[in-house]
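Please look over the sequence and the structure shown below. The report that follows takes up strands, helices and charged side chains in turn.

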Amino acid sequence: MDNINKKLQVFIDAVNDDIDGKVNRILADAESRKASILAEAENYSAEELSKGAASVSKKDGGSYVRDVSKAELNMKKSVIAHRDELTDKVFAAVEKRLCEFRGDQKYVNMLVKNLLLMHVSDGSEVFLAPDDMKYADTLKKAIPSCNAKFSPDEKIRLGGLAVYNAEKGTIADRTFDSAVEEQRRAFTGKNVFAE
C-alpha cells in the first residue's frame, strides 16, 4: 500500500511540477489584477471624497464613510472573485493532465495495482467511471478468484475506482475525484492567492 501511495504522490508531484509554471504566471496575473483593482478602488474613493468635499454642506460625514466602505467592499469582492477564478484555472489544468493520463497504459496498471491492494472479496462491487468500464475485463482478470461486480458510477468523472465491501459495509475510495477535491481544499486552505 505504501508503494501505491508513493506512486500516487509521485504522480501528484509531477502534476504539481507541471503546473508550477502556470501557477506562477497566474500569480503574476493575480498580483497585476489585484493592483489594478486596488488602484481602481482608491481612485473611486478619492473621487467620492473629492465630490464630498465640494458639497460638504449637502451631506454629513457618515455618508462619505459609507461610500468609502462600499467601494472597499466591492474591491474585496472583486479580489475574491478573481482568486476563485485563478483557482479554477489551476485545477482545470490538473483535470486536463488527469484526462491525458487516463489514456495511458500506466493508468490501467495503476487501476490493477489499486484493486489488488484493496483486497476485494466476493460480493464486493467495484465502481468505475463510465468511460473506464472498458477496463473492467482487465481488472476482473487481475482478481480471478474473486466474484466481484463491476459497475459504472456517474459520480466518478476523473478516474480511479471505488470498492464497496458489502460484508463490511465499507467503501474504499481511490478515485481521482476525491484526491483532486482533497487537494483543492488544501490548496484553498493555504490561501495561495491571498491578498
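## The hairpin of β3 and β4

In this predicted model, the hairpin of β3 and β4 has 4 residues between its strands, and Gly 169 in that hairpin takes a positive phi near 70 degrees. Strand β3, which covers residues 160-165, pairs with β4 in the antiparallel sense, and the pairing runs over 6 bridges. Within this pairing, Ala 162 stands opposite Asp 173 of β4.

Strand β4 itself spans residues 170-175 and includes Arg 174. Arg 174 is buried yet takes part in no salt bridge, since the nearest side chain of opposite charge, that of Asp 173, is 7.8 Å away, whereas a salt bridge requires the nitrogen and the carboxyl oxygen to lie within 4 Å. The side chain of Arg 174 does, however, make a polar contact of 3.0 Å with the side chain of Asn 114, and Asn 114 is itself listed among the buried residues of helix α3.

## The parallel pair β1 and β2

Strands β1 and β2 pair in the parallel sense over 4 bridges. In β1, Glu 125 and Phe 127 point one way while Val 126 and Leu 128 point the other way, and all of these residues are buried.

Glu 125 has Lys 149 as its bridge partner in β2, and the two residues are also joined through their side chains, in a salt bridge whose closest N and O atoms are 4.0 Å apart. This pair links distant parts of the chain, with Lys 149 in strand β2 (residues 149-152) and Glu 125 in strand β1, 24 residues apart.

## Other salt bridges

The structure holds 6 salt bridges, and two further examples set a buried pair beside a partly exposed one. In the buried pair, Asp 132 and Arg 102 approach with their closest N and O atoms 2.9 Å apart. Here too distant parts of the chain are linked, as Asp 132 lies in the loop between β1 (125-128) and α4 (136-142) and Arg 102 lies in helix α2, 30 residues apart. Asp 132 counts as buried because its relative accessible area is 2%, and Arg 102 counts as buried because its relative accessibility is 10%, the cut-off for buried being under 20%.

In the other example, the side chains of Glu 85 and Lys 89 meet in a salt bridge of 3.9 Å, N to O. Both residues lie in helix α2 (residues 61-102), where they are 4 residues apart, about one turn of the helix. An α-helix has 3.6 residues a turn, so residues three or four places apart point the same way. Glu 85 is partly exposed, with a relative accessible area of 40%, and Lys 89 likewise counts as partly exposed, at 42% relative accessibility.

## Helix α3 and its ends

Helix α3, residues 105-117, has 13 residues and reaches 19 Å from its first C-alpha to its last, which is close to the 18 Å expected at 1.5 Å a residue. Its buried residues are Tyr 107, Val 108, Met 110, Leu 111, Val 112, Asn 114 and Leu 115.

At the start of α3, a side-chain oxygen of Asp 104 reaches to within 2.9 Å of the backbone nitrogen of Lys 106. After the helix comes His 119, which has a positive phi near 50 degrees.

## Helix α5

Helix α5 comprises 15 residues (176-190) that should span 21 Å at 1.5 Å a residue, and its end C-alpha atoms are indeed 21 Å apart, which agrees. Phe 176, Asp 177, Val 180 and Phe 187 are buried in this helix. Seen down the axis of α5, the buried residues fall within an arc of 95 degrees, so they line one face of the helix. On the other side of α5, Arg 185 and Gly 189 are exposed.

Asp 177, one of these buried residues of α5, counts as buried at 16% relative accessibility. Asp 177 and Ile 156 are 21 residues apart in sequence, yet their C-alpha atoms are 6.4 Å apart in space.

## The chain as a whole

The chain contains 5 helices and 4 strands, which follow one another along the sequence in the pattern α-α-α-β-α-β-β-β-α. Of its 195 residues, 36% are buried.

Technical notes. Residues numbered from 1 in each chain as written. Predicted model: local features only at pLDDT ≥ 70, side-chain atom pairs only at ≥ 80, totals over all residues. Heavy atoms only, no water. Helix = DSSP H or I, 4+ residues; strand = E, 2+ residues; numbered from the N terminus. Buried < 20%, exposed > 50% of the residue type's maximum accessible area, 1.4 Å probe, protein only. Lys, Arg positive; Asp, Glu negative; His and termini not counted. Polar contact = N/O pair within 3.5 Å; in protein donor to acceptor, adjacent residues only side chain to side chain. Expected span 1.5 Å × (residues − 1). Arc of directions from axis to C-beta. Pairing = 2+ DSSP bridges.
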